[in-house]
Amino acid sequence: MPSVGASVGLTPRAQLSVTVPYYYVTDPAGATFHGFGATYLTGKFVLAPYSRVRMAVSPTLEVLSWTAADLGVRRVNVVFPVSMQSEIGAARVYGSAGYFSRGSVFGAGAVG
């Protein structure tokens, strides 16, 4: 199995999840590589479940494989995303924005 993930609801507005990938690869030359990839521990907390614009935060702890330290990258990082959803007429509007402690920011949106 290449990856295992599990989530558990703590309350109607909070959940915790963990994802642990394991890889086992043999290249065409016959060399085999295996180990654990980046592990993610996430909490999701609903901030505004009943408002017109529903919001949630999902702070995440990213734990990279041991080889990341060999490459000069911090093994433990954090991600702070905020997600929003609203309805405008018959359409649903989604958005997400956040910050990675490795120095990047992101934003995305969709309409359905």
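**Aromatic pairs and a buried serine**

F106 is partly exposed, with a relative accessible area of 29%. This value, like the others here, comes from a predicted model. F100 also falls in the partly exposed class, at 26%. Before turning to how these two rings sit together, it helps to look at the aromatic pairs as a set.

The count of aromatic pairs comes to two. In one of them, Y22 meets F36 edge-to-face, with 5.2 Å from centre to centre and 70° between the planes. Y22 belongs to strand 2 (residues 14-26) and F36 to strand 3 (residues 32-36), so this pair ties together parts that sit 14 residues apart in sequence. As for solvent, Y22 is partly exposed, with a relative accessible area of 33%. F36 has a relative accessible area of 51%, and it counts as exposed because that class begins over 50%.

F100 and F106 form an aromatic pair as well, this one tilted, with ring centres 5.6 Å apart and planes at 55°. That angle is called tilted rather than edge-to-face because the latter needs planes over 60 degrees apart.

Away from the rings, S58 is found in the loop that runs between strand 5 (53-57) and strand 6 (60-63). Despite the loop setting, S58 is buried, with a relative accessible area of 14%; the label applies because buried means under 20%. Leaving aside residues up to four places away in sequence, S58 touches T42, G43 and K44, along with V79 and P81.

Definitions and conventions: Residues numbered from 1 in each chain as written. Predicted model: local features only at pLDDT ≥ 70, side-chain atom pairs only at ≥ 80, totals over all residues. Heavy atoms only, no water. Phe/Tyr/Trp six-rings, centres within 6.5 Å; stacked < 30°, edge-to-face > 60°. Helix = DSSP H or I, 4+ residues; strand = E, 2+ residues; numbered from the N terminus. Buried < 20%, exposed > 50% of the residue type's maximum accessible area, 1.4 Å probe, protein only. Contact = heavy atoms within 4.5 Å.
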